[in-house]
Amino acid sequence: MSVLKGGLFVAGLLFLMGFVADESKKGIKIALTFDDGPSHFETPVLLKILKKKKVKATFFLLGEHIEKYPEVAKSIVKAGHQVGNHGYNHPNFDSLSKDLMHYQITKTDSLIRSVGYKGEIVFRAPYEQVPPTLQSYLDQNGRTYAASTLNGRDWEVPPVTTIVKRIEKDVVPGSVIVLHDSAPKTDKVRERINSVEAARMLITNLKVKGYRFVRMDQL
Ligand SMILES: [Zn+2]
């Protein structure tokens, strides 16, 4: 093989290796999760985006929001997304007795069942506060805690691009991203629309980088 041919061969091989490496990145799984919903405005917009982009996500619902918007909750289930429990009315579990924890979790479980969800119901505490009493409650009842690993502090309602940049900066394989499609204890219309738009942008940008969005139970 001449030097030139050898050089071309090596260049071709390197090109191919790069190509293969890029292709394999398409298997890198991450999960998009949404807390505090359902809401009557943001959640339907979000569901349309997820459907168009063929993405399944995980929704941690509040019991009182399911009571308010059962049809929206049903459409989350119907679309094939994973559903988790985020408590009934978003209390800080740090300050709850075991009885009240039990009430918050079981009432929300039955509301989740009432909108047709059949899978295992994982739990994520409001503010992600997991005091020892909550951990022992979950252990005793064989419940799975579903923590997030990455957020864009979208509850501060920053511009869409700020939320996206904060998340893209730290995303790694297996990241569990949390955004919010509603706000607890308030019913302001469009309060979380920036989060929904951030989800749209993140899906587009991260898919190009080879990430694949899956439900938490598929990570
Ligand atoms: Zn929350």
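Two strands are taken to pair if DSSP finds at least two bridges between them. On that criterion, in this predicted model, strand E5 (residues 150-151) and strand E6 pair in the parallel sense over two bridges, and the bridge partner of Leu 150 in E6 is Ile 177. Between these two strands the chain passes through helix H7 (residues 160-170), and the resulting β-α-β crossover from E5 to E6 is right-handed. Strand E6 (residues 176-180) also pairs with strand E1 (residues 28-35), again in the parallel sense, over five bridges; here the bridge partner of Ala 31 in E6 is Val 176. Strand E6 is mostly covered, with four of its five residues buried.

These strands belong to a protein chain that contains eight helices and seven strands. Of the 219 residues in the chain, 36% are buried. Among the contacts in the chain with a separation of 6 or more, 78% are accounted for by residues 24 or more positions apart.

Helix H2 (residues 42-52) contributes a set of buried residues, namely Glu 42, Thr 43, Leu 46, Leu 47 and Leu 50. Because these residues cover an arc of only 130 degrees around the axis, they lie on the same side of H2. This arrangement may be read against the general geometry of such elements: an α-helix has 3.6 residues a turn, so residues three or four places apart point the same way. On the other side of H2, by contrast, Lys 51 and Lys 52 are exposed. The buried residues of H2 pack against strand E1, helix H4 (70-78) and helix H8, and strand E1 is thus a packing partner of H2 as well as a parallel neighbour of E6 in the pairing described above. After H2 comes Lys 54, whose phi is positive, near 55 degrees.

The largest nonpolar core comprises 46 residues, and the residues with the most contacts inside this core are Leu 61 and Ala 199. Helix H8 (residues 193-208) supplies the largest share of the core, six residues, and H8 is also one of the elements against which the buried residues of H2 pack. When residues up to four places away in sequence are not counted, Leu 61 touches Gly 37, Pro 38, Ile 66, Ala 73, Val 83, His 86 and Ile 112.

Note on methods: Residues numbered from 1 in each chain as written. Predicted model: local features only at pLDDT ≥ 70, side-chain atom pairs only at ≥ 80, totals over all residues. Core = buried A, V, L, I, M, F, W, Y, C linked by C-beta atoms within 7 Å. Buried ≥ 20, exposed ≤ 12 C-beta atoms within 10 Å, placed from the backbone. Contact = placed C-beta atoms within 7 Å. Right-handed = clockwise from strand over helix to strand, strands pointing away. Arc of directions from axis to C-beta.
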